[in-house]
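Hi,

Here is the structure I said I'd pass on to you. Have a look at it first, and then read on for what turned up.

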Amino acid sequence: MIKTVTITKQDYLGYSDFVVKRLCTPKNQKSSGFLRNMIIWFLLTVIFLAVFQIKSVSFSDFHWQSALITAIPFSIFLVVFLYNINKIKKLSIPNENGVMIGEKTIEFQSGGINEIHHLGSCFYKWDAVEAIEENKGDLYIFVDKLMALIIPANSFESEAEKDELKALVQKYV
């Protein structure tokens, strides 16, 4: 099977978001998620503070100026952190008509997958393929934890064609 695809920046950004979520999701149920850990640590903190509290504090005793002075550096840190995350995300988008973004042909052969684009070609044996996953209609054929061949949803003429490709890859994975 031969598939010609055109990958856009939006396709890559969708893939990038999916990979981050995929890497952050626990693979087994024994490990707990981020939200669960935050709730547990919050409850431990409240219990710890309640145990060691000598006298109760009312709103009239609370020093709002100190709270504001303490909150300002943390707020600045949070804003700078979020700004830098967005900046890194924008700067990490690959070049137009480079290796990742642009038009390419993907050939599915009995020995593996051959990816051909205007800058060269790359062959992946079936042993390299770890998984095939779908996100919002796009197919990602992972050849490593982080790297995948992106096949956008608009590359398929029908759901049957997409299912045929998924079945072909699953046969070798």
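Asparagine 97 sits in the loop that runs between helix 3 (64–91) and strand 2. Keep in mind that this is a predicted model. What caught my eye at asparagine 97 is the backbone: phi is positive there, about 55 degrees, although the residue is not a glycine. Lysine 136 is another one to look at, with phi near 55 degrees, again a positive value in a residue other than glycine. You'll find lysine 136 in the loop between strand 5 and strand 6. Is lysine 136 buried or exposed? It's exposed, with a relative accessible area of 78%.

Back to strand 2, which covers residues 102–108. Five of its seven residues are buried, so the strand is largely enclosed by the rest of the structure. Strand 2 pairs with strand 1 (residues 2–7) in the antiparallel sense, over six bridges. In that pairing, lysine 104 of strand 2 has valine 5 opposite. Strand 2 also pairs with strand 3 (residues 112–117), antiparallel too, this time over five bridges. If you want a spot to zoom in on, threonine 105 has isoleucine 116 in strand 3 as its bridge partner. How many residues does the hairpin use to join strand 2 to strand 3? Three.

Now for the sheet further along the chain. Three strands make up an open sheet in the order 5-6-7, and the pairing is antiparallel. Strand 5 (131–135) and strand 7 (148–151) are at the edges with a single partner strand each, so each has one side left without a neighbour in the sheet. On average, neighbouring strands here are turned by 20 degrees against each other, ignoring direction. Strand 6 (residues 138–142) and strand 7 are held in register by four antiparallel bridges, and phenylalanine 142 has alanine 148 in strand 7 as its bridge partner. Helix 1 packs on this sheet and touches strand 5, strand 6 and strand 7, its direction making about 55 degrees with that of strand 6. Helix 4 (residues 159–172) packs on the sheet as well, touching strand 5, strand 6 and strand 7, and its direction makes about 155 degrees with that of strand 5.

The loop between strand 6 and strand 7 holds leucine 146. What does leucine 146 contact, once neighbours within four places in sequence are left aside? Tyr15, Val19 and Leu23. Leucine 146 and valine 20 are 126 residues apart in sequence, yet their C-alpha atoms are 8.7 Å apart in space.

Last one: aspartate 11, which belongs to helix 1 (residues 9–24). This aspartate is buried yet has no salt bridge. Where is the nearest side chain of opposite charge? That's lysine 104, 10 Å away, the residue that stands opposite valine 5. A salt bridge would need a side-chain nitrogen within 4 Å of a carboxyl oxygen, so lysine 104 doesn't qualify. What aspartate 11 does have is a polar side-chain atom 3.1 Å from the backbone nitrogen of threonine 8. Not counting residues up to four places away in sequence, aspartate 11 touches Thr6, Asp138, Tyr140 and Pro152.

Happy browsing!

How values were computed
Residues numbered from 1 in each chain as written. Predicted model: local features only at pLDDT ≥ 70, side-chain atom pairs only at ≥ 80, totals over all residues. Heavy atoms only, no water. Helix = DSSP H or I, 4+ residues; strand = E, 2+ residues; numbered from the N terminus. Buried < 20%, exposed > 50% of the residue type's maximum accessible area, 1.4 Å probe, protein only. Lys, Arg positive; Asp, Glu negative; His and termini not counted. Polar contact = N/O pair within 3.5 Å; in protein donor to acceptor, adjacent residues only side chain to side chain. Contact = heavy atoms within 4.5 Å. Pairing = 2+ DSSP bridges. Axes fitted to C-alpha atoms, helices over the stretch in contact; angles between N-to-C directions.
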